[in-house]
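Please examine the sequence and the three-dimensional model shown below. The paragraphs that follow lead through the structure step by step.

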Amino acid sequence: MVDSVIQLKCDRNNYPWGRKGHEPLAARLCAKSNPDFQIDDSREYAEMWMGTYPELPSYSLRTGEDLQEILKEYKEKLIGKGVYEKFGCDPPFLPKILSIAKALPLQIHPDKNLHQEHPDQFTDLNHKPEIAVALSRFEAFELMKLEILRPFLPTTSEGLTLSDDETLRQICTNMLKAQEDLVAKTMKGLLATPPQQFGQQAYVLELAKRLQEQYGKQDNGNLVALVCMNFLVLEAGSAIYIPANGIHAYLSGDIVECMARSNNVINTGFCPRADRDSVDLFANSLTFQQHDRSEPILHRQTSGKSQNGKTDKFKPPMSEFNMLCH
């Protein structure tokens, strides 16, 4: 027989955007679940993964068995017939704990079409929408803002020269392809602008300083994030949803990130140029499902699984999972 609840032995990823030493929640939780892992105070710890994805699979802490093998053997009890008949014996989602000290790469998580078009580069067949649930104060750039940019968009006597979304796509493309000296010049001009000229967007000046300290004044991601994207601050217990092909860059905080089972990603900023993907591929993949800063917010709903009224759920618009919360 197998227990209904299995304590997992998990592992972590080290990326430069992670927090250092004992500060990151990802490292502290990993140390509690994995007796083979010891925290090194000189290193950054970015993620702890949970599940059966082969890059960082989980194991039973008690027996040492691979979680994937346990789920295959006891799929009726642990997964349920309806789920494994639809998705197979691997959980259709990939949960992680992220501990963020500086901006993650400017990225999108692609839909299923990208694997079909570029199977060698993007090896997972699935799409990758995700939710992020804040475990602490959480800052994020997400999706394209339109209303603030609208007065500056090119127009004719008949209105905008292109659709709003296609204009945003072209602006994003031009910014990501801009030469480094032009990006640096633009950042210098931005930082020299008096705060009162920004109105309710005055926070952009402080963010510009932070991003420039983290990635330099020549990173194209600075322009896209500061000019084109919404900036959100969430408190612990709040959540956002990012659709497949939705542009985002998380900036700081500890979160639970859960996505449909895939590790495909397209990066174009806030990372070394050698790690960046094609700007055209990135821009052509962008979705514009959401514009208003309130649209990505997921609201708690009462869970029908609650026996005492204390369990809620986040229900993103996808079939792979809901997330229970207290």
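Which residues lie nearest the centre of the second largest pocket? The model under discussion is a predicted one, and the residues nearest that centre are Tyr15, Trp17, Pro105, Val265 and Asn267. They belong to a lining of 24 residues. Three elements, β5 (47-49), β7 and β15, each give two or more residues to this lining. When the lining is sorted by class, 13 residues are nonpolar, four are polar and seven are charged. The volume of the second largest pocket is about 530 Å³.

The largest pocket may be described in a similar manner. Its space amounts to about 1,100 Å³. It is lined by 32 residues, and those closest to its centre are Leu78, Pro91, Phe93, Pro95 and Asn322. Five elements each supply at least two residues of this lining, namely α2 (67-73), α4 (81-87), β7 (93-100), β15 (248-260) and β20 (323-325). The largest share is contributed by α4, with four residues. In terms of class, the lining of the largest pocket holds 20 nonpolar, seven polar and five charged residues.

The overall division of the chain comes next. The domain assignment gives domain 1, made of residues 8-139 + 240-262 + 294-325, and domain 2, made of residues 147-228. The centres of domain 1 and domain 2, taken over C-alpha atoms, are separated by 31 Å. In the contact between them, nine residues come from domain 1 and eight residues from domain 2.

The interior can now be considered. In soluble globular proteins, nonpolar side chains tend to be buried together. In this model the largest nonpolar core has 38 residues, and the members that touch the most other members are Leu106, Phe141, Met144, Val224, Leu226, Ile247 and Phe282. Where does this core lie in relation to domain 1 and domain 2? Both domains give residues to the core, so it lies between them. A second, separate core has 23 residues, including Ala27, Phe37, Ala239 and Phe314.

Ile247 allows the largest core to be viewed from one of its members. If residues up to four places away in sequence are not counted, Ile247 touches Leu106, Gln107, Ile108, Glu142, Leu143, Met144, Val224, Met229, Phe282 and Leu286.

Ala249 is located in strand β15. Is Ala249 buried or exposed? Its relative accessible area is 0%, and Ala249 is therefore buried, since the limit for a buried residue is under 20%. Apart from residues up to four places away in sequence, Ala249 touches Leu104, Pro105, Leu106, Ala140, Phe141, Met229 and Phe270. Ala249 and Gly21 are 228 residues apart along the chain, and their C-alpha atoms are separated by 23 Å.

Phe270, one of the residues touched by Ala249, deserves attention for its backbone. Most residues other than glycine have a negative phi, and most peptide bonds are trans. Phe270, however, has a positive phi, near 55 degrees. It is found in the loop between β16 (266-269) and α10 (279-285), and Phe270 is buried, with a relative accessible area of 1%. Asn245 also has a positive phi, near 70 degrees. Asn245 is placed in the loop between β14 (239-242) and β15, and its relative accessible area of 7% makes Asn245 a buried residue.

Two exposed residues complete the survey. Arg62 lies in the loop between β6 (59-60) and α2. Why does Arg62 count as exposed? Its relative accessibility is 66%, and the exposed class begins over 50%, so Arg62 belongs to that class. Arg62 and Phe288 are 226 residues apart in sequence, and their C-alpha atoms are 46 Å apart in space.

Glu73 lies in helix α2. With a relative accessibility of 54%, Glu73 also counts as exposed. In sequence Glu73 and Val2 are 71 residues apart, while in space the C-alpha to C-alpha distance between Glu73 and Val2 is 9.5 Å.

Note on methods: Residues are numbered from 1 along each chain as its sequence is written. This is a predicted model: local features need pLDDT of at least 70, side-chain atom pairs count only at pLDDT 80 or more; totals for chains, interfaces and linings use all residues. Side-chain values use heavy atoms; hydrogens and water are left out. A nonpolar core is a set of buried Ala, Val, Leu, Ile, Met, Phe, Trp, Tyr and Cys residues joined through side-chain atoms within 4.5 Å. Buried means under 20% relative accessible area, exposed over 50%, partly exposed in between (1.4 Å probe, protein chains only). Domain bounds come from an automatic or database domain assignment. Contact means heavy atoms within 4.5 Å. On a 1 Å grid over the protein atoms alone, a cavity is a set of points where a 1.4 Å probe fits but cannot get out, and a pocket is an open set with protein on both sides within 12 Å along at least five of seven lines; lining residues have an atom within 4 Å of a point. Grid points are joined across faces, edges and corners, and a volume is the space filled by probe spheres set on the points. Ala, Val, Leu, Ile, Met, Phe, Trp, Tyr, Cys and Pro count as nonpolar, Asp, Glu, Lys and Arg as charged, and the others, Gly among them, as polar.
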